[in-house]
Amino acid sequence: MSIKQISVFLENKPGKLSEMTALLAANNIDMRALSLAETNDFGIARIIVDDIYEAANVLRNASFISKFSHVLAFAVPDEPGGLNKLLNVFNEADVNIIYMYSCLGSNDPSRAYMIFRVTDTKTAEAALVAHGLKPLTQEEITEI
Amino acid sequence: MERYFQPEIECAPREEMIRLQNERLVKQVRRVWDNVPYYRKKMEEKGLTPDDVRSIDDLHKLPFLSKADLREAYPYGLMGAPLKDCVRIHSTSGTTGKRVVAFYTQHDVDLWEDCCARAITAAGGTAEDVCHVAYGYGLFTGGMGLHGGSHKAGCLTVPISSGNTDRQIMFIMDLQATILCCTPSYAAYLGERMKEMGYGPDDIPLKAGIFGAEAWSEEMRRDIEKTLGIKAYDIYGLTELSGPGVAFECSAQNGMHINEDHFIAEIIDPETGEVLPDGAQGELVFTALDKEAFPLLRYRTRDICTLTREPCPCGRTHVRMGKPKGRTDDMLIIRGVNVFPSQIETVLINNGYAANYQIIVDRVNNTDTLDVQVEMTPEMFTDDIGDIQKMQRTLVEGLRSMLGLSAKVTLVAPKTIARSEGKAVRVIDKRKI
């Protein structure tokens, strides 16, 4: 099951990221994962939150531009070669990764949780499942 | 069906119009000679007396007036009537640092309101209409001019003035306003806000808009027409000549008819001052034919446009002026290239962006830089940085082919470019020359 990520347009200027985090804080929205992609004048904050619809609403009401996209989340054993094993399965399933980042911590210290944006999420997901790799659901990612 | 406020004048045969103009010009030159020593001196310097002007064919002999003259003669030096006969003043915003104060007798107010009523009637305004006047009221001519015109056209007039957009929308919806008068940039903003509030073109009761006081592109017109579900009419004017209504668009939307019974238009070469034939592009010059308090002769507007006397399908016989490409004041010279903000607007709208933008010109290491700031929209935004950069590059290419020079395009967050309620501030020139 793919999960929903929110991408937020931000200007690349001091204070812009904290405008977004202040808004999420004020609305008691918890971030499970965050990554930033940047150019010289703008950037995209990609976040996984506990309540995506509430987050999308408060962002829109505050005039932020945001969009949902589908990403895959996996638990990776926190040991040497853990990620490599996972990526080998991606290779076998011929899945291309556009970008990836990791979650902000979890209750289980033996595992790391990672977010993958891949080309053609549906096909990629089916191929990965066929190779024995099952992504986390939206509920699971909010409970890690 | 085309409607006219004063059909006998608006559709008068050419010969009749010329006869009226001849008669009024001769009288006006005499009034100015007798009452305006500042202009009389200019005539004397050219060896002219009122007897040298017997018809409009002699108009070209008269000296020009420019904004510099207005500054020099400020505030009372160009008055054609005693102060006791004046009933009102208006003034420009002075954004360019050159404030103009213009005077009106009751006769001047009346002829100005007639001009505005012609514009409103041409846009379909009748006694059945609710006319929402969102131009600023006060010293600015926009509000009071269209207000008076709306009264004369018989519309129910809503003198809401500018500001408080949500209240504007409430009045438009609750009173079922049918005609909107404001600046084009404010019309675009109202449209944007109404869309956000969930009103589509079919929900909005407006049928026509009369937009002026700033340069706007054909693309922006189509955009506003689509969002608000209206027909958008252009209107032209200057405080120096009375205000909006010097010229206005008819249903043909193909140039603005100049109210020639009150204002004679000429196109001149801005360098040499030589009068150019119809169809040639040049600077627009106006002579107020029957204004009393502020009777400017051959006033240089700094607006660049063309004139045409081709017959218009609307039936009006008055000469039409093309949409000014922009004031010579608005024109930027960037790395030696002439750039009008309206050209940049055309590229933006053609590429699907909103007409809300800001142009920042600066000079870095002795080279001019041009930065066009555009707001990101929900429709344009994607999670893919590469796609967004591709859109930026497309815009840069579009600007290069339109302007012939390279510009930087900066995407900024929504609502960061200030919405104007009057004239939009499009250009920030930081160059210190």
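What is the order of the strands in the open sheet of chain B? That was my starting point today, working with a predicted model.

**Entry 1: the sheet.** I read the order as β4-β3-β5-β6-β7-β8-β9-β14-β13 in chain B, nine strands with mixed pairing. I then looked for the edges and found β4 (156-158) and β13 (307-308) of chain B, each of which pairs on one side only. At the β13(B) edge I checked the partner: β14 (residues 320-321) of chain B runs antiparallel to β13(B), and two bridges join them. For one of these residues I noted the match, B:L307 with B:M321 of β14(B).

I also asked which helix packs on this sheet, and found α5 (residues 106-122) of chain B. Helix α5 of chain B touches β3 (130-133), β5 (179-182), β6 (208-212), β7 (231-238) and β8 (243-249) of chain B. Its direction makes about 35 degrees with that of β8(B).

**Entry 2: the domains of chain B.** I turned to the domain assignment, which gives domain 1 (1-325) and domain 2 (332-429) of chain B. The centres of the two, taken over C-alpha atoms, are 30 Å apart. I looked up their contact next: 21 residues of domain 1 of chain B meet 16 residues of domain 2 of chain B. On the domain 1 side, α8 (184-196) and α9 (218-228) of chain B each supply at least two residues. The largest share there, five residues, belongs to α8(B). By class, I have that side of domain 1 down as eight nonpolar, eight polar and five charged residues.

**Entry 3: a helix pair in chain B.** Here I looked at α10 (residues 341-350) and α11 (residues 385-403) of chain B, whose axes come within 10 Å and cross at roughly 140 degrees. I noted the crossing of α10(B) and α11(B) as right-handed. From α10(B) the contact uses B:Q343, B:I344, B:T346, B:V347 and B:N350, and from α11(B) it uses B:L395, B:G398, B:L399, B:M402 and B:L403. I sorted the residues of this contact into six nonpolar, four polar and no charged.

**Entry 4: chain A against chain B.** How many residues of chain A are in contact with chain B? I found twelve, facing 13 residues of chain B. The elements of chain A that give two or more residues to this side are β1 (3-11), β3 (42-49) and β4 (66-77). With three residues, β1(A) has the largest share. My last note for the day is the make-up of the chain A side: five nonpolar, four polar and three charged residues.

How values were computed. Residues numbered from 1 in each chain as written. Chains lettered and ligands numbered in written order. Predicted model: local features only at pLDDT ≥ 70, side-chain atom pairs only at ≥ 80, totals over all residues. Axes fitted to C-alpha atoms, helices over the stretch in contact; angles between N-to-C directions. Helix = DSSP H or I, 4+ residues; strand = E, 2+ residues; numbered from the N terminus. Left-handed = near helix turned anticlockwise from the far one by under 90°. Contact = placed C-beta atoms within 7 Å. Nonpolar A, V, L, I, M, F, W, Y, C, P; charged D, E, K, R; others polar. Domains from an automatic or database assignment. Pairing = 2+ DSSP bridges.
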